[in-house]
Amino acid sequence: LENFRIHRTGAGYGALEDLRMATENGLHLILFGGRAVRLREIVLDGVHIDWDIPMVGLKRLDARRMPLSVMPTWDRFAQIVHLSPHLRELTLDGCAPKFSLVDADLSILRLPIPSLRSLNLGGMSIPFLLRVAYLLETPNIIELVLRSYDVNIDWTPIFRMMTDNYRDLRILQLNATHVASNPQTTAVFTRFLVSVRQIELLRLID
């Protein structure tokens, strides 16, 4: 088996606690008994797993809708990435690995992923998302997807930080990633768009 995707439908975080209790408060799903070592694509949508199972040679890692308490530590996440030198797609939507929130610690935690081509981020607060985006060094991505689930959030800080970071970007998708309507913030967004001048496909949703 090389491709495994599992989606938990229904309510969001409110119903996840029941699943955590059912898995003995932290002993999460041991995917295939930890024996599916040929997995290359894993999509986990609202389903907790034991992150200590072998994960080697991944090409796609997609994690969505999970509370921080059930995500891997940053060290374990970094280990998975290092053991997956051909990782091409990464999605962190409504979840992220656990890392230090002390700004002074962030520079030593930065994680280069030179093989990554597609990055999908969203479902987090702006301060948290800024840290995640800073920690991931992804200089070679050609596809960037940013998702917001609250139209009242101002994404100006994200666009300011990402300006000039993705010169080779070809595909850009923005889901409800609004900026405040004033000259200062719209200028930030304009500079971001100017910096990704290789774009061939632009999707603007909501």
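The following exercises, each with a worked solution, concern the predicted model shown above.

In this predicted model, local features need pLDDT of at least 70 and side-chain atom pairs count only at pLDDT 80 or more, while totals for chains, interfaces and linings use all residues. Residues are numbered from 1 along each chain as its sequence is written, and side-chain values use heavy atoms, with hydrogens and water left out.

**Exercise 1. Confidence**

Determine which elements of the protein chain have the lowest and the highest mean pLDDT.

Solution. Begin with the scale: pLDDT is the predictor's confidence in each residue, from 0 to 100. The protein chain averages 90, and 91% of its residues score at least 70. Next, turn to the elements; helices (H or I, at least four residues) and strands (E, at least two) are DSSP runs, numbered from the N terminus. The lowest mean pLDDT, 56, belongs to helix α1 (residues 16–22), and the highest, 98, to strand β8 (residues 143–147). Where pLDDT is low, the predicted coordinates should not be read in detail.

**Exercise 2. The chain as a whole**

Establish how the radius of gyration of the protein chain stands against the globule rule, and describe the chain's contents and surface.

Solution. The protein chain holds 6 helices and 10 strands. Its radius of gyration is 17 Å, close to the 17 Å that the globule rule gives for 206 residues, so the chain is as compact as a globular protein of that length. Here the radius is taken over C-alpha atoms, and the rule is 2.2 Å times the number of residues to the power 0.38. Along the principal axes, the C-alpha atoms fill a box of roughly 55 × 35 × 35 Å.

For burial, the cut-offs are under 20% relative accessible area for buried and over 50% for exposed, with partly exposed in between (1.4 Å probe, protein chains only). By this criterion 43% of the 206 residues are buried. The accessible surface (Shrake-Rupley method, 1.4 Å probe) comes to about 10,500 Å², of which 55% belongs to carbon and sulfur atoms.

Finally, consider contacts, meaning heavy atoms within 4.5 Å. Of the contacts with a separation of 6 or more, 73% are between residues 24 or more positions apart.

**Exercise 3. The sheet**

State the strand order of the open sheet and identify its edge strands.

Solution. Two strands pair if DSSP finds at least two bridges between them. The open sheet has 8 strands in the order β1-β2-β3-β4-β6-β8-β9-β10, with parallel pairing. Its edge strands, β1 (3–7) and β10 (201–205), each pair on one side only. Neighbouring strands are turned by 5° against each other on average, direction ignored; the axes are lines fitted to C-alpha atoms, for helices over the stretch in contact, and angles run from 0 to 180 degrees between N-to-C directions.

The individual pairings can then be followed:

- β2 (residues 41–45) and β3 (residues 60–64) pair in the parallel sense over 5 bridges; I42 has L61 as its bridge partner, and L44 has A63.
- β3 and β4 also pair in the parallel sense over 5 bridges, with D62 opposite T91 in β4.
- β6 (residues 118–122) and β8 are parallel over 5 bridges, and L121 is partnered by L146.
- β8 and β9 (residues 171–175) are parallel over 5 bridges, and E143 is partnered by I171.

Strand β3 is mostly covered, with 4 of its 5 residues buried.

**Exercise 4. Helix α2 and V81**

Identify the buried residues of helix α2 and the residues that V81 touches.

Solution. In helix α2 (residues 74–82), the buried residues are W74, R76, F77, A78, I80 and V81. They pack against β3, β4 (89–93), α3 (103–109), β5 (111–112), α4 (126–135) and β7 (136–137). Within this group, V81 has a relative accessible area of 6%. Not counting residues up to four places away in sequence, V81 touches L87, L111, P112 and I113. V81 and L111 are 30 residues apart in sequence, and their C-alpha atoms are 8.6 Å apart in space.

**Exercise 5. F192**

Decide whether F192 is buried or exposed, and name the residues that it touches.

Solution. F192 lies in helix α6 (residues 183–195). At 0% relative accessibility, F192 counts as buried. Excluding residues up to four places away in sequence, F192 touches L144, F159, M162, T163 and L172. F192 and F159 are 33 residues apart in sequence and 6.0 Å apart in space, C-alpha to C-alpha.
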